[in-house]
Every structure is written in C-alpha cells, then in structure tokens.
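Please look at the structure shown here with its aromatic pairs, nonpolar cores and surface patch in mind.

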Amino acid sequence: MALALQEAAKGLGRTHPNPVVGAVVARGGRALAVGHHRKAGGPHAEIEALRKAGERARGADLYVTLEPCDHYGRTPPCTGAILQAGIRRVFVGNIDPNPLVSGRGVRRLRAAGVEVRTGVLREACEAANEMWFKFITRKLPWVVLKAAVTLDGKLAASSGDSRWVSGAGSRALAHRLRDELDAVLVGIGTALCDDPRLTARGPGQRDPVRVVVDSTARLPSVARILRQRSAAKTLVACTIAAPAERIAALQRAGAEIVRCRSRGGRVDIKDLLRRLAGRGLTSVLVEGGAAIHGSFLEGALWDELYLFVAPKLAGKNGPSWAGFDGAPRMSSALPVEVKSVERVGSDLLLWARPAGGGAVWKRGTVRSR
C-alpha cells in the first residue's frame, strides 16, 4: 500500500475533478505491476496496473488506495475489470465518500467471492486524498495559503517592491505547489502591482488554472496573465455589478469571467470557492496579496498555510501579509497550529493548519527536501 501511495502522488494536480489513486498488483509480497490515475477520463489506477500485469494478475492481490468504482462514468466500472482479471484479494485504503461509489465497489467484489480488506494504511490514504474528500463532501475546494515574508512579517518594502522576498529554493517550491494544485489565485492588487504570469516554470511542470479576484474588472487586457501562452485558463472573478464594457474587454483578451455574489461591494470569497468547485477544481493555492489572505483567514476558508520567512527586516512601513482587522486582544487572536518548521536555503518554511483541525500530513513536495 505504501507503494500504491507513491503512485497516487504522481497524479497531484492532474486528475481533477477526480481523486488521486494508486494501485499495485502483487503476489507473495512482490509487486508485479503499478499504476496511477493520470487524468479525468483516462484509465483508473486499477486498470493501469491490471493492464501492465496482464495474465500475471490471475490469482494475485490488488492494493488500491481508494475503493474501486462500481458505476459507469467517463470510464467503465473498475470492479468488472478486477473480476475479469481473476484477482484473488483486494486491499483497500479508504472507502470512497462519493455517494455514487461508497461501499458499492467493496460489496460487488465480495459478492463475487473476492476477499476484500479495507482500512489498510487508512490514515495515510485518507491524508493523500483529503483535498478531494473535502471537495466531494462539502462542494468546496481545498485552500492552501502561501506567502513569502520578511522576519518582521512584511510582504514587501515600503515602496511595494517584493522581488524577491524569499530565496531561489523557496520560489522553486512555490512553483511546485502550483504544479500540484488545480488553481492559483491572487487579488487584483497583486495583479496590478506585480503583473504576474502565475505559471509553474519547473521542468515537467504544468500550469494551474489562474484566478484573479477583480470585483470591478480592473485587470488590464494587456496583463501578462492574459498574454502568457499557457494551456491553463485564466478566470477573472467579478461581482455582478462590474461594468459591462470592462467585462467585454477582458473576454476579448481571453479571460473567462466568473460572476460572483458581492459582500460589502467585493467578491464574496465563499461564493467564488463554490463556483470554482462547480468547475471541477478541487484545490486552490492562494498567493495573496494581503487583503485576499485576510479574507480567507477572517472567513475561516483555509486549510493549509505555507509561510516562507526570509532573514530580512523590512521595517514598519512594509505591508503585513495577513490583511484583516484582527483581534482587539491577544487572547482572541486567530489561533494557528504550526505543524512543522524547516530550512529552505537561508529561509524558514512554516507549515500550518487551522488550530484543532486536519491530519498531520504534507505533500511530498516539501517533506522530501
């Protein structure tokens, strides 16, 4: 199952709206073939592993991180292929919480005489798909906040200059997070100030869907995020009241418009998250700026935080990364649970969760360093 989990991780950022799944065909404790789900509409992990195993699968065991499906979607049910291949035993990490699947795959296999054991490395398998579990049960994407700050918590110098707060190693990890998550999101302030591309520029990496929260459609049609060639879409989230002529200019420049409810004259962040989930995006990397981070923090709409801290001091006039009004007393300050601290070059990386929630698990992107 540990090998199946390694296989599953290869699908991060590439399978939405499906989960990441890994599978291993084994006999006598020795792996015969492995597979993982590569993209929605493609073969599931079990099918990949079974095809590679061929006739060797007959009488063998199958390890799979998530319950095999037993319904027709874009592909036929995996249970049928498992039975046809003559698999003797199936070891399952997690029961699928999707109502279309939950328990059905296990029941069909058992009814056909296949021995099925569930809960194998359950916590690790659950952690591997926690983003998708939230998406499928709550209809919201998993939200990862990411910021690079100075030792005194500043996003930039007093002039607004932020290139570069963190070192090359931290920036490389940020690009790997973009590669592993479905979408990357910034506010219009960051888009206007930094004119970012929001692409993943490491070897073999793919670009996430780019999202700009732009309540009144101020993004220029010549912005790099619109001019940058990419297979990924650019979404601009506006309120219903955004001027029609600005909307039309953005559409002509190639942006897709996401019309959202407003809260206080700005895009309602939770409504935007629901709309992103409706597009099949299971995870979102929020890269700021301060007001956007503040909205997610204040609304308790985040699941993880990657905070890169550089050994620099910007002084009192630099902007804080957490742009919300905050608590009048320290006793009522927003609690955060730091799960780990590690060095990335000369920087420190703090990985945190909301206090009291979430499994202690971190994508291999950072743990492996």
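The structure holds two aromatic pairs (ring centres of Phe, Tyr or Trp, the last by its six-membered ring, within 6.5 Å; planes under 30 degrees apart count as stacked, over 60 as edge-to-face and the rest as tilted). The rings of Tyr-63 and Phe-91 have centres 4.5 Å apart and planes at 10 degrees, so this pair is stacked. Tyr-63 belongs to strand β3 and Phe-91 to strand β4, so the pair ties together parts 28 residues apart in sequence; strands are DSSP runs of E, at least two residues long, numbered from the N terminus.

The model is predicted, with local features needing pLDDT of at least 70 and side-chain atom pairs 80 or more, while totals for chains, interfaces and linings use all residues. Numbering starts from 1 along each chain as its sequence is written, and side-chain values use heavy atoms, without hydrogens and water.

Buried means under 20% relative accessible area, exposed over 50%, and partly exposed in between (1.4 Å probe, protein chains only).

| Residue | Relative accessibility | Class |
|---|---|---|
| Tyr-63 | 21% | partly exposed |
| Phe-91 | 7% | buried |
| Leu-334 | 41% | partly exposed |

Leu-334, in the loop between β14 and β15, joins Val-336, Val-338, Val-341 and Leu-348 in a nonpolar surface patch with about 380 Å² of accessible area together. Strand β15 (residues 336-344) gives the largest share of this patch, three residues.

The largest nonpolar core has 35 residues, and Val-212, Leu-219 and Tyr-306 are among those with the most contacts inside it. Apart from that core lies another, of 34 residues, including Val-143 and Leu-307; a core joins buried Ala, Val, Leu, Ile, Met, Phe, Trp, Tyr and Cys residues through side-chain atoms within 4.5 Å.

Technical notes:
Patch = residues over 30% accessible without salt bridge, like charges linked within 9 Å, V, L, I, M, F, W, Y side chains within 5 Å. Areas by Shrake-Rupley, 256 points an atom, 1.4 Å probe, with all protein chains shown as cover. Salt bridge = Lys/Arg side-chain N within 4 Å of Asp/Glu carboxyl O. Helix = DSSP H or I, 4+ residues; strand = E, 2+ residues; numbered from the N terminus.
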